[in-house]
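Below is a short report on one protein model. It goes from the overall make-up to the sheet, the helices, the disulfides and two single residues.

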Amino acid sequence: MSFGQGGPFDGPGGTPDWAALADESESASRRKRWMLIGGGAVAALAIAGIVTLAVVNSTGGSPGGNPTATPAASGEATAPDDKPSFPDVSVPPPPNPRDYITDPAKDRAPLTPGTLFPDKTMVIGEHSYPRTNTATTGDCTSGSQGALGSLLAHNGCTKLLRATYSKGGVSATVGVAVFASPAKATKVMNEWKSGNVAPLAGGGVPATFCQATRCRTAVNTNGRYAYFTIAGYDNGKATTASETKAQQIGRDTASYTWARITQRGKDQAAKAAAQQLKEARRKAKAQG
């Protein structure tokens, strides 16, 4: 049997040519190895191409180029180098509330018993006292008694505001005297020896309140305001060193008055700060 001219079985007598078969087998093995090697090289080249394509796509350019560069023909917008600028508008520091109760040029808010003593009930801690009456006068001597009147007038008192609070048979009247400066108010406090604000009856407080009897008195200042308190029994009973009811209402009234004058400064400072902010925004808008 023959496989054709020149085949591996063309040896003498039709017997297999074992040498040819060996050579053929070796040739086939070599061809197989080259095919494997060649196929691996192609696969490696294909993988390298995929990696190269991925790098190109991720950087937007060639692998050896600038990875941050954007092709001019891509149509993508480039980020500006400069940051947006904003108008340089400075806001003044917030006003000091103290300035508004020490400087009459700044202390311009309405000053009446209704603005200084707006609460119908004075509340200090756990204590509360209804307000019974208020009064105001530009003649400081008319709202005072004894030597205090002349002391107020000689130091330029421009207004005296009074309010009375009462509860449980005791009452207290506070009188707030207004001056041109804290120095004047302090001078009056230091020189005060006798006399006091005139007790303000009415609203359930009888006329006998602190009239021709001993009552508790005190004085203090806050800014350009000096304030005086007089506290005692509604029935004319004299206060003593050991009693506490008149003492308590007198102290509470003084504390409340201090807080109300301080709040006057805070309210005006807050209004000024709001105006400053409004002006700063207007300037910023005008500057674009």
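The protein chain holds 5 helices and 8 strands. The model is a predicted one. Read from the N terminus, the order of elements is α-α-β-β-β-α-β-β-α-β-β-β-α. The chain has 288 residues, of which 29% count as buried. Its exposed surface comes to about 17300 Å², with 58% supplied by carbon and sulfur atoms. Among contacts in the chain with a separation of 6 or more, 66% join residues 24 or more positions apart.

**The sheet**

Six of the strands make an open sheet, 6 strands in the order β1-β2-β4-β5-β8-β7, with antiparallel pairing. The edge positions belong to β1 and β7; each has a single partner strand, so one side of each lacks a neighbour in the sheet. On average, neighbouring strands of this sheet are turned by 25 degrees against each other, direction ignored.

Three of the strand pairs are described in the table, each with one pair of opposite residues.

| Strand pair | Residue ranges | Bridges | Opposite residues |
|---|---|---|---|
| β1 and β2, antiparallel | 121–124 and 127–137 | 4 bridges | V123 and S128 |
| β4 and β5, antiparallel | 159–167 and 170–178 | 9 bridges | R162 and G175 |
| β7 and β8, antiparallel | 216–222 and 225–233 | 7 bridges | T217 and I230 |

What kind of connection do β1 and β2 form, and how many residues lie between them? The two strands form a hairpin with 2 residues between them, and G125 in the turn has a positive phi of about 60 degrees. At the other edge, β7 and β8 also form a hairpin with 2 residues between them. In that turn, G223 has a positive phi of about 70 degrees. In a regular strand the side chains alternate between the two faces of the sheet.

**Helices against the sheet**

Helix α4, residues 182–191, packs on the sheet and touches β7 and β8. The direction of α4 makes about 155 degrees with that of β7. Helix α5 lies across β1, β2, β4, β5, β7 and β8. Relative to β8, α5 runs at about 155 degrees.

**Disulfides**

How many disulfides does the model contain? The count comes to 2 disulfides. With the bonded cysteines numbered in sequence order, the pairing is 1-2, 3-4.

One of them joins C140 and C157, with the sulfur atoms 2.0 Å apart. The angle about the S-S bond is -75 degrees, and the link of C140 and C157 is left-handed. C140 sits in the loop between β2 and β3 (144–145), while C157 sits in the loop between α3 (148–154) and β4, so the pair ties together parts that are 17 residues apart in sequence. Both C140 and C157 are buried.

The other links C210 and C215, whose sulfur atoms are 2.1 Å apart. This link is left-handed as well, with -115 degrees about the S-S bond. C210 and C215 are each buried.

**Two buried loop residues**

E243 is found in the loop between β8 and α5 (245–286). Is E243 buried or exposed? The relative accessible area of E243 is 10%, under the 20% limit, so E243 counts as buried. The side chain of E243 reaches the backbone nitrogen of K245 at 3.1 Å. Apart from neighbours within four places in sequence, E243 is in contact with R216 and Y233. R216 belongs to the residue range of β7, and Y233 to that of β8.

P95 lies in the loop between α1 (18–59) and α2 (113–116). With a relative accessible area of 17%, P95 also falls under 20% and is therefore buried. Which residues does P95 contact, leaving aside neighbours within four places in sequence? The contacts of P95 are Y100, A269, A272, A273 and Q276. A269, A272, A273 and Q276 fall within the residue range of α5. P95 and A270 are 175 residues apart in sequence, yet their C-alpha atoms are 7.7 Å apart in space.

Conventions
Residues numbered from 1 in each chain as written. Predicted model: local features only at pLDDT ≥ 70, side-chain atom pairs only at ≥ 80, totals over all residues. Heavy atoms only, no water. Pairing = 2+ DSSP bridges. Buried < 20%, exposed > 50% of the residue type's maximum accessible area, 1.4 Å probe, protein only. Contact = heavy atoms within 4.5 Å. Areas by Shrake-Rupley, 256 points an atom, 1.4 Å probe, with all protein chains shown as cover. Polar contact = N/O pair within 3.5 Å; in protein donor to acceptor, adjacent residues only side chain to side chain. Axes fitted to C-alpha atoms, helices over the stretch in contact; angles between N-to-C directions. Disulfide = S-S within 2.5 Å.
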